[in-house]
Amino acid sequence: MPVLTRDEAQTRARLIDVQRYTVELDLTRGAETFDSRTVIRFTALGGPAATVDTFVEVKPAELRSVTLDGQALDPADLTENRLALTGLAAGEHELRVEAAMRYSHTGEGMHRFTDPTDGETYAYTQLFLEDVQRVFAAFDQPDLKSVFELTVTAPEGWTVLANGVTEHTGGGTWQAAPTPLISTYLVAVAAGPWHSVRTEHRGLPFGIHCRRSLAPFLDADADEILDVTRACYDRYHEKFDEPYPFDSYDQAFVPEFNAGAMENPGLVTFRDEFIYRSAVTETERQTRAMVIAHEMAHMWFGDLVTLRWWDDIWLNESFAEYMGFQTTAEATLPQALHSVRAGEAPSTDPWTDFAIARKAWGYDADQRPSTHPVAPDPDAVPDTASAMLNFDGISYAKGASALRQLVAWLGEKDFLAGINTHIARHKFANATLSDFIESLAHATDRDVHGWADAWLRTTGVDTLTSTVTHDAREWTLTVDREGTRPHRVAVGVYDRDLTDPQGLVLRERYERDIPHLTASTPRDGGRPALIVPNDQDLTYAKVRLDEVSMETALRSLSRVPDALTRAVLWNSLRDMVRDGELEGTAYLEAARAHLPDESDLALVQGVLAFATTHVADRFLPPALRTAALTTLTELCRDLIRRTEDGSHAGLRLTAVRGLIDVATRPDPLQEWLTEGTVPGGPELDPELRWRVLTRLAVLGAADESAIAAELERDPSATGQEGAARCRAALPDPEAKRRSWEAMFATDDLSNYLLTATAQGFWQPEHADLVREYVPRYYEDAVAVAARRGPAIADVAGRWAFPASFVDAETLRLGEQCLRDADPIPALRRKLADQLDDLKRALRVRETTGS
């Protein structure tokens, strides 16, 4: 099926202007299809020729009729997803399209879901990046903004949500208020028997919605979610001169959602895992708050002002990522969380969580062959298929890091002044990188254009390596930069605490520019114990400490007084492991030494995750894996012992989860499952029960009867996923065969059930059992991606890849697949990244001798 090219979009934007879509959807036509009737009023702008030739996109199950200005067109003229509109005279036109459209079970277009808990059915749209065509006919590109007027007919008892306020007009028909000018990919509908909590804030209707089976869990957190939403809304009205531009603010938590959330104006959709059925940590609650803040930032940056073409996706995502973390970090949001958590304030600065989790995502992506600039050259994004590949750690985490560095260099006052200029110039319209830079330049005398060239048009991660010279009275820091970007950094200088041999105290913190730091003047005082050249993580760069500082970090990392600086140090150790400069076992020893004393929960979670899924599972050879799991088991037990007094519930939950995941013996886990609790707590809620059962399945201590019994106990959608994961994790040839067939031979699994099955299938403990599937993977993944499209290709490439097989043969087969099999772009990108990670793991094993 053809994808839209940038050249085609530019041409069409010169030829037509779109005024209004009137869309009628009928969701009462059965479980397979729904009816779609669309009227598009547009103007042909004319040109060198007397008439205009263009096309409209639609992907129907059946195209029933097409009428242009009252004249019938032949539906048979639809070529794949395009219907030609030829000979258009300059002036106004009306296109009418009637079709039957297929429901999706992959999270694309109109996704339909039946809740196994109560049998209720829900449907919602996800129209990003070119999936509006699966719901109604459209001129589908972001710079042809229009007014959208939607009418939806739904079964009795359903509620219909949309971008604007909806009204039930009778007979199951709902009318949505016309939107302001928005892009096609931002249109949204969510229909079903929703459980809703509604309120108003500053005269604006607010609502939060979920499926009925999750109602008790939404009600338990409704005050927190609404408090966070109100706090974000108020804070953005302090930052932005332009008021919120839409007529309502609904947040729908929907099932089987592919992304974390989607910024549809007036109707943000979230994956409904954010409605917590089981215990979560305060850091996870803070993540939910950050996502709420991220999506609300899009209302201005992405929805009100929208990119012109997909090469500027970073203008949407980097900005929202930065604003999400920054707004969550500011005083109003922690207070909002604190007010509803009975005194349990979050234990993590959001920027610490960003540093240890999100930023690592950006660093990894930026060191692969698939890296790209934050703002790629337009020619590098020639079509929508290539654009989809750029929704990655670079467009989100690196871009947000670049903006944080820009604020450090420019100052927040000038940064926000430039942002407000940009919004005022381009509201309800489209903008480009050059427009954004011009708006920033309007607010400052700094060379913003030069900054953008250095930071946004380049690839890769700079490395800052520090050396220190000193005598008894003074010392000098030199930072060598491998890379080309200018950096504004804070230098943290730490001394030994005279009252505590392992403790550290801050002597001073000062800001400097790199490369100018190489000419740093000597500083008074004796040689510091620790010097951190990116203290508090203001820039985006790998850090290599001087020798003395490295020794101090390994010995006293948990005693560095600032959590964000500890994140910088942990990231430095992480990068050294990945680059083959530090033994994986040394990282595990540092984790065992310092995590039991770590006060920041995000750091515990981030370090434990890397130690488990990367060091133990990939960077260490199989011969050392059992010893690594033993070390991690002892670490988790240390953390559990620390919380025996009932404090630090989030830390205890993290440790229990970690202990389950690295268990090498089934006995204690079986006892927990039987008793329904961990000794001393917590009780095993559904999430912990499925986690325990999955690990027991891996260890050969669970069977189909145990899985069926647990599913009877928890028949929810999450329970169905847990059962699929457990069945795939059984060390049984027949169970593996059935799981493989379900993933690749049929198209019955939804996106979530396919993910769960893939997560269970490959286990390091089962290498001999599943080795025969490694060569089959490449052929079968290419086939299923071609049949089922990009969303399933992402699952097949991310979760179904045989990542536990770190060997030359897996690499050879993968390279052959890329060379000969012609996978679709979404799968090709995932495979290329997986194979590069595999090469890195092989190099690490060879370099460190692990």
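In what order do the five strands of the open sheet with mixed pairing lie? In this predicted model, the order is 15-16-17-19-18. Strand 15 (195-201) and strand 18 (261-262) occupy the edges and have a single partner strand each, so one side of each is left without a neighbour in the sheet. Within the sheet, strand 17 (residues 249-254) and strand 19 (residues 267-271) run parallel and are joined by five bridges. F253 is placed opposite F270 of strand 19. The loop between strand 15 and strand 16 (204-210) contains R202. Although R202 is not a glycine, its phi is positive, at about 50 degrees. The relative accessibility of R202 is 57%, and the residue therefore counts as exposed.

Antiparallel pairing is found around strand 7. Strand 7 (residues 91-102) pairs in this sense with strand 2 (residues 33-44) over 12 bridges, and A99 in strand 7 is the bridge partner of S36. Strand 4 (residues 62-68) also runs antiparallel to strand 7, to which six bridges join it. Here L68 stands opposite L95 of strand 7. In a regular strand, side chains alternate between the two faces of the sheet.

A search of the whole structure for internal space yielded three cavities of 30 Å³ or more. The volume of the largest cavity is about 60 Å³. Its lining is formed by Y363, N534, D537, A541, K542, V543, V568, N571, S572 and D575. Strand 28 (542-544) and helix 13 each contribute at least two residues to this lining; helix 13 gives the most, with four residues.

One of the lining residues, N571, is located in helix 13 (residues 563-578). N571 counts as buried because its relative accessibility is 5%, below the 20% limit for that class. Leaving aside residues up to four places away in sequence, N571 touches A355, I356 and Y363. Y363 is also among the residues that line the largest cavity. Between N571 and V543 the C-alpha to C-alpha distance is 8.2 Å, with a sequence separation of 28 residues. The loop between strand 27 (530-532) and strand 28 holds Q536, a residue other than glycine with a positive phi of about 65 degrees. Q536 counts as partly exposed because its relative accessibility is 25%.

Helix 25 (residues 773-788) comprises 16 residues, which at 1.5 Å a residue should span 22 Å; the end C-alpha atoms are 21 Å apart, which agrees. The helix nevertheless has a kink of about 25 degrees, centred on E779. Its buried residues are Y773, V774, Y777, Y778, D780, A781, V782, V784, A785 and R788. These buried residues pack against helix 22 (733-745), helix 23 (751-761), helix 24 (767-770), helix 26 (790-798), helix 27 (808-820) and helix 28 (825-848). Just after helix 25, G789 adopts a positive phi of about 95 degrees.

Cis peptide bonds precede P515 and P682. The bond from I514 to P515 has omega near 25 degrees, and P515 lies in the loop between strand 25 (500-514) and strand 26 (523-524). The bond joining G681 and P682 has an omega of about 5 degrees. P682 is situated in the loop between helix 18 (667-675) and helix 19 (686-698).

Technical notes: Residues numbered from 1 in each chain as written. Predicted model: local features only at pLDDT ≥ 70, side-chain atom pairs only at ≥ 80, totals over all residues. Heavy atoms only, no water. Pairing = 2+ DSSP bridges. Buried < 20%, exposed > 50% of the residue type's maximum accessible area, 1.4 Å probe, protein only. Contact = heavy atoms within 4.5 Å. Expected span 1.5 Å × (residues − 1). Bend = angle between axes of the 7 residues up to and from the residue. 1 Å grid on protein atoms, 1.4 Å probe; cavity = no way out; pocket = protein on both sides within 12 Å on 5 of 7 lines; lining within 4 Å. Points joined across faces, edges and corners; volume = space filled by probe spheres on them.
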